[in-house]
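This briefing gathers what the coordinates show about the packing of one protein chain. The points after the display are grouped by topic, beginning with the nonpolar interior.

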Amino acid sequence: MRRIVYLSSSKGALDKEQIEDILRTSRRNNEPAGVTGFLAYHDRCFFQVLEGPRDVVEGVLARIRRDSRHSSLLVLSDTEVDAPAFPNWQMAFVPRADLANILDNSAISLTELAPQADSFSGDGRVNKLFKSFLGSFRDLNRA
């Protein structure tokens with residue numbers, strides 16, 4: 001199983017409907033292909049973990065690179081793993097006010113997830129990368 005962790009920027013701020021579209025499309029395409037992972041979006045930045053069969057994950061990443069909503073995609077980690085760290089697809093983002101209406105509680109506020117950044121997945125490297133991502137946003141680090 002391959003795990004890719006990447007960062008990218010959105011070409012513009014995404015609203016609730018665009019986030020929901022990304023989640024729907026991801027589920028439709030990835031779940032039947034055996035791809036799982038985690039996607040966080042905040043302040044025009046994406047942090048994503050993709051896990052699954054090598055060729056399928058490569059195809060998903062290629063599709064993301066072509067997606068007009070993404071720019072400046074940077075792969076942080078590309079490894080072979082024995083088991084998924086995220087067996088269920090999740091999405092996290094702020095603002096919290098929009099969370100109540102997102103598809104079937106699939107969304108998690110990053111402000112609520114931030115305190116768990118050291119242990120939110122079973123992979124310490126992924127946790128470290130995610131914590132670094134969260135650390136770059138002042139509004140997520142209010143004590």
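The largest nonpolar core has 17 residues, and among its members Y6, L14, F46, L50 and I64 are those that touch the most others. Strand 1, helix 1, strand 2 (residues 36-42), strand 3 and helix 2 each contribute at least two residues to this core, with helix 2 giving the most, namely 4 residues. The model is a predicted one, and its mean pLDDT is 79, with 80% of the residues reaching 70 or more.

**Nonpolar cores**

- In soluble globular proteins, nonpolar side chains tend to be buried together.
- L50, when residues up to four places away in sequence are not counted, touches R2, R3, I4, Y6, V35, T36, V57, V60, L61, I64 and W89.
- A second core, separate from the one described above, consists of 16 residues, including F47, V49, L110 and A117.

**Helix 2**

- Helix 2 comprises the 13 residues 54-66, for which a rise of 1.5 Å a residue leads to an expected span of 18 Å; the C-alpha atoms at its ends are 19 Å apart, which agrees with that expectation.
- The buried residues of helix 2 include V57, V60, L61 and I64, and because these four cover an arc of only 95° around the axis, they lie on the same side of the helix.
- On the face of helix 2 that is turned away from its buried side, the exposed residues D55 and R66 are found.
- The cover over the buried residues of helix 2 includes strand 1 (residues 2-10), helix 1 (16-30), strand 3 (45-52) and strand 4 (70-80).

**The environment of R2**

- R2 belongs to strand 1, and its relative accessible area of 7% falls under the 20% cut-off, so R2 counts as buried.
- The side chains of R2 and D78 are joined by a polar contact of 2.5 Å.
- Once its neighbours within four places in sequence are set aside, R2 is in contact with L50, E51, G52, R54, V57, E58, D78, T79 and E80; this list includes V57, one of the buried residues of helix 2.

**Confidence**

- Where in the protein is confidence lowest, and where is it highest? The lowest value belongs to strand 5 (residues 90-93), with a mean of 57, whereas the highest belongs to helix 2, with a mean of 93.

Key
Residues numbered from 1 in each chain as written. Heavy atoms only, no water. Expected span 1.5 Å × (residues − 1). Buried < 20%, exposed > 50% of the residue type's maximum accessible area, 1.4 Å probe, protein only. Arc of directions from axis to C-beta. Contact = heavy atoms within 4.5 Å. Core = buried A, V, L, I, M, F, W, Y, C linked by side-chain atoms within 4.5 Å. Polar contact = N/O pair within 3.5 Å; in protein donor to acceptor, adjacent residues only side chain to side chain. pLDDT = per-residue confidence, 0-100.
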